[in-house]
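Trainee: Please take me through one part of this model closely. I would like the strand pairing, and then how the rest of the chain fits around it.

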Amino acid sequence: MAHQTKASQSAAEGKGLEEGITDCKGQFFLTTRDSEGRQCYNERDHVTVEIKDEQGQECITAMQIIDNKDGLYQIRYSPRNEGRCEVTVKVNGEHVRGSQFIVLVKPFQLRPVFCFGDQGSFVGKFNRPWGVAVNGNDEIAKGNKEGELDHPRGIAFHNNGNIFVADGHNYRIQIFSGEGEFVGSFGEKGNLDYQLTNPLGLSVDSEGNVIITDADDKLIKIFSPEGKFLSKLAKKQNIFTKVDDETKRFLKTLTTQKTEIESETNIIEASLEKAGTFLKRSTNAEVVQEKKSFEKIFQEADQSQPQDRFQEMLPVLVFVENSKMVTYKSTYIVYLLMQDKYRHDSFAKLNTINAEEIRTLQLENRTTASQSTADGRGLEEVIANREAHFTLTTRNAEERQCYNEGDYVTAEIMDEQGRDCATDLRITDNKDGLYKISYSSRNEGRCKVTVKVNGEHVRGSQFIVFVKPFQFKPVLSFGESAPSLGEYSSPWEVAVNARDEIAVTDQSGHRVQIFSSEGNSLRSFGKKGQKAGELNNPRGIAFQNNGNIFVADSSNDRIQIFSGEGEYVGSFCGKENLDSQLYNP
């Protein structure tokens, strides 16, 4: 009883039990205590938390209860909706002290944390601030027009504490110490590798090399920390050429690995065939005597494979000639050979059959490639760089769907020059004679798809596939240039709510129009003006989770809030340079 958790003595506390912010993580802590109020922990304690809105519906996402194993629990959650919600905390089905808790959930608002600087040419002021960098001491460096710099832009801290600045109109990179003392520079105006034409962005990689975007030459250049030119990423087509070369080398490696795997597979298949033939012609005594030699065959074939690839060997049918039974037909005793993960063998006698019955069994279950079929959209036409699919059904000589674990299915996709032109080729075995093949074609044009089972073409292989370029196609178009309802003067931005209603800001029409998902006009609100609910060149628009509409009323330098039906709710900001104000949002 001394160590038993008492729910009425257990306490929950933290900011997350007082107020929360929509879609932001809140948290609180639960301490389980015994009847004397001491913190205690029992492994079997069952802690539950429910958070519901005023309508009794769950109103959170991403609930987490973290057990510290010492009687302290950390609870995290994210509220979805604004307003009041009730938090119920229980231990072993009973409320903890103070449960249920009332939490006020407020809307998320961006607020400036810190602001500094002013326009001017003195120290601590800016003319036209451009780039920003922060070092390990949380010191902030900004490019400005002070000292011996002309239009400085990109800026970065080096691992050694130095500051690298892209001195734009001087066509160079200048290096300063962390205290701002000049250390050195490199680069000059020109189009050679070590020269620059318009350095803009600047960064430092993990090895300390300096990466610079040279805008006018459309290059990314890489220099050592001392300013020695190392390499460059050239124009767009050259980048893709380099990527293509890397891809070709990778595919060549895969082809080599594929050849090696096929060779190993052939060795294993030959070994299996040799073992099966020998077993069929052996007596019981010979089977036991020759078992070790077969184990050696399989071990040699498996040496290059991971040792734990198969924990257990699948059961194998063994046909042993029955020398004691004299008939005009050869007869065999059928055994089931099973081997567990410890390599212990066990035999189970199943039946006695003759040679003709064995051949019938083999033929009925053998896959015939010429009867196997492949079909699907992915064998007719596909879209470049989009995943395509088709299916393969393996069949026996009588065209019945069949499955053999030893079947070897391959697919090759080649362009008209005989080059591999597919990526992400996957063959999924359903273990029932049905295979799903998926791939993505890199190039447009015609390509040949070769599908084989056990090295032989399936029916219809090779297949000719037409690869078309990917194109965006309009699904729906609506509206026309005019001031009437359902028409626009100058549509600017679009937002969609949970009911698939489409809101459009009509900038020159100084209004917001709302349409159904089929493009039918539903309602419109706003007119030109400066009063509450009036708009002047509205631009940005967004739906809030509660259905309200936020509109960037640009020329009025404010954000206005409307209900989903277009009724004015409120506004914030105004034209000035303070943190809480806006200028042409």
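Mentor: Start with strand β4 (residues 47–53) and strand β7 (residues 83–91), which run antiparallel and are joined by seven bridges. This is a predicted model. Within that pairing, Val49 faces Val89 of β7.

Now follow β7 to its other partners. Strand β9 (residues 101–106) pairs with β7 over five bridges, again in the antiparallel sense. Glu86 has Ile102 in β9 as its bridge partner. Strand β8 (residues 94–95) is joined to β7 by two bridges, and these strands run antiparallel. There, Val91 has Glu94 as its bridge partner. The connection between β7 and β8 is a hairpin with two residues between the strands. Look at Asn92 in the turn: its phi is positive, about 55°.

Step back to the whole chain. It has three helices and 39 strands. Of its 585 residues, 35% count as buried. Take the contacts between residues at least 6 apart in sequence: 45% of them join residues at least 24 apart. The chain exposes about 36500 Å², and carbon and sulfur atoms supply 49% of that area.

Next, the nonpolar cores. The largest has 24 residues. Phe390, Leu392, Tyr439 and Val449 touch the most other members. Five elements give two or more residues to this core: β25, β26 (409–415), β28, β29 (445–453) and β31 (463–468). β29 gives the most, with four residues. Val449 deserves a look of its own. Beyond its neighbours within four places in sequence, Val449 is in contact with Leu379, Phe390, Glu412, Ile413, Tyr439, Ser461, Gln462, Phe463 and Val465. Another core, of 21 residues, lies apart from the largest one. Its members include Phe28, Cys59, Ile75 and Phe101.

Then the rings. The count comes to seven aromatic pairs. One of them is Phe186 with Phe223: the ring centres are 5.1 Å apart and the planes lie at 40°, so this pair is tilted. Phe186 belongs to strand β15 (residues 182–186) and Phe223 to strand β18 (residues 219–223), so the pair ties together parts 37 residues apart in sequence. Phe186 and Phe223 are both buried. Phe390 and Tyr439 also form an aromatic pair, this one edge-to-face, at 6.4 Å centre to centre with 65° between the planes. This pair links distant parts of the chain too: Phe390 sits in strand β25 (residues 387–393) and Tyr439 in strand β28 (residues 434–441), 49 residues apart. Phe390 and Tyr439 are both buried.

Return to Phe186 and Phe223 for one more point. Together with Phe229, they form one aromatic cluster. Finally, check a charge and a ring. The charged end of Arg539 sits over the ring of Trp492, 4.8 Å from the ring centre.

To trace this on screen, begin at β7, which pairs antiparallel with β4, with β9 and with β8. Then go to Phe390 and Tyr439, which are among the residues that touch the most other members of the largest core and also form the edge-to-face pair. Val449 is in contact with both of them.

Terms used
Residues numbered from 1 in each chain as written. Predicted model: local features only at pLDDT ≥ 70, side-chain atom pairs only at ≥ 80, totals over all residues. Heavy atoms only, no water. Buried < 20%, exposed > 50% of the residue type's maximum accessible area, 1.4 Å probe, protein only. Contact = heavy atoms within 4.5 Å. Areas by Shrake-Rupley, 256 points an atom, 1.4 Å probe, with all protein chains shown as cover. Phe/Tyr/Trp six-rings, centres within 6.5 Å; stacked < 30°, edge-to-face > 60°. Lys NZ or Arg CZ within 6 Å of the ring centre and 35° of its normal. Core = buried A, V, L, I, M, F, W, Y, C linked by side-chain atoms within 4.5 Å. Pairing = 2+ DSSP bridges.
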